[in-house]
Amino acid sequence: MIFNTGSALLDAVVLSVVSRNAKGTYGYKITQDVQKVISVSESTLYPVLRRLLKDNCLETYDEQYQGRNRRYYMITSKGQAQLLIYKEEWFDYIQKINILFNGGDIYG
């Protein structure tokens, strides 16, 4: 993708990916799912996860998997509320961009 990916968009995409599973999902799976839609490295995504944890939008728990500890991320109620805000902003944003791309006037 040639468009820059800002931190708000990354937060929104990560929250959306994590919210798809009520039991949560683990870091590597989040990375794989995000990379299907946005070209971003693992080293970029883990700070996003830490920021969302710090902001109480995500919570974690650890579980053993094949003899190793795996950290799972779950969306919190605050994260759900933030995701809803992101979705509303995103749909407003793309509607305006589509109007412009199609030759319309967003103020008319």
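**Exercise 1. In which helix do Trp90 and Tyr93 both lie, and how many residues apart are they?**

*Solution.* A word before we start: this is a predicted model, so treat each value here as computed from it.

Step 1. Place the residues. Trp90 and Tyr93 both belong to helix α4, which spans residues 77-101. They are three residues apart, about one turn of the helix.

Step 2. Look at the rings. Their centres are 5.8 Å apart and their planes make an angle of 40°. Planes under 30 degrees apart would count as stacked and those over 60 as edge-to-face, so the Trp90–Tyr93 pair is classed as tilted.

Step 3. Check the surroundings. Trp90 has 39% relative accessibility and counts as partly exposed. Tyr93 is partly exposed too, with a value of 48%.

**Exercise 2. Work out the strand order of the sheet, and say which strands are at its edges.**

*Solution.* Step 1. The sheet is open and has three strands, in the order β1-β3-β2, with antiparallel pairing.

Step 2. The edge strands are β1 (25-26) and β2 (58-65), since each of them pairs on one side only.

Step 3. Now zoom in on one pairing. Strand β3 covers residues 68-75 and is joined to β1 by two bridges, the two strands running antiparallel. Here Tyr26 stands opposite Tyr72 in β3.

Step 4. Add the helix that packs on the sheet. Helix α3 (residues 42-54) lies across β2 and β3, and runs at about 120° to β2.

**Exercise 3. Describe the aromatic pair formed by Tyr61 and Tyr72, then find what surrounds it.**

*Solution.* Step 1. Start with the count: the model has three aromatic pairs. In the pair of Tyr61 and Tyr72, the ring centres are 5.2 Å apart with 10° between the planes, a stacked arrangement.

Step 2. Ask what the pair connects. Tyr61 lies in strand β2 and Tyr72 in strand β3, so the contact ties together parts that are eleven residues apart in sequence.

Step 3. Compare the burial classes. Tyr72 is buried because its relative accessible area is 12%, under the 20% limit. Tyr61, with 26%, is partly exposed.

Step 4. Widen the view. Tyr26 joins Tyr61 and Tyr72 in one aromatic cluster.

Step 5. Bring in the charge. The charged end of Arg70 sits over the ring of Tyr26, 3.6 Å from its centre. Arg70 also lies over the face of Tyr65, at 3.7 Å from that ring centre.

**Exercise 4. Which elements supply the largest nonpolar core, and what do Val18 and Leu83 touch?**

*Solution.* Step 1. This core has 21 residues; among those with the most contacts inside it are Val14, Val18, Ile30 and Leu58.

Step 2. At least two residues come from each of α1 (7-19), α2 (27-35), α3, β3 and α4. The most come from α1, which gives seven.

Step 3. Follow Val18 outward. Leaving aside neighbours within four places in sequence, Val18 is in contact with Thr25, Ile30, Leu58, Tyr73, Met74 and Ile75.

Step 4. Turn to Leu83, a residue of helix α4. Leu83 counts as buried, at 4% relative accessibility. Not counting residues up to four places away, Leu83 touches Ala12, Leu15, Ser16, Ser19 and Ile75.

Step 5. Finish with a distance. Leu83 and Leu45 are 38 residues apart along the chain, and their C-alpha atoms are separated by 17 Å.

Definitions and conventions. Residues numbered from 1 in each chain as written. Predicted model: local features only at pLDDT ≥ 70, side-chain atom pairs only at ≥ 80, totals over all residues. Heavy atoms only, no water. Helix = DSSP H or I, 4+ residues; strand = E, 2+ residues; numbered from the N terminus. Contact = heavy atoms within 4.5 Å. Axes fitted to C-alpha atoms, helices over the stretch in contact; angles between N-to-C directions. Phe/Tyr/Trp six-rings, centres within 6.5 Å; stacked < 30°, edge-to-face > 60°. Buried < 20%, exposed > 50% of the residue type's maximum accessible area, 1.4 Å probe, protein only. Lys NZ or Arg CZ within 6 Å of the ring centre and 35° of its normal. Core = buried A, V, L, I, M, F, W, Y, C linked by side-chain atoms within 4.5 Å.
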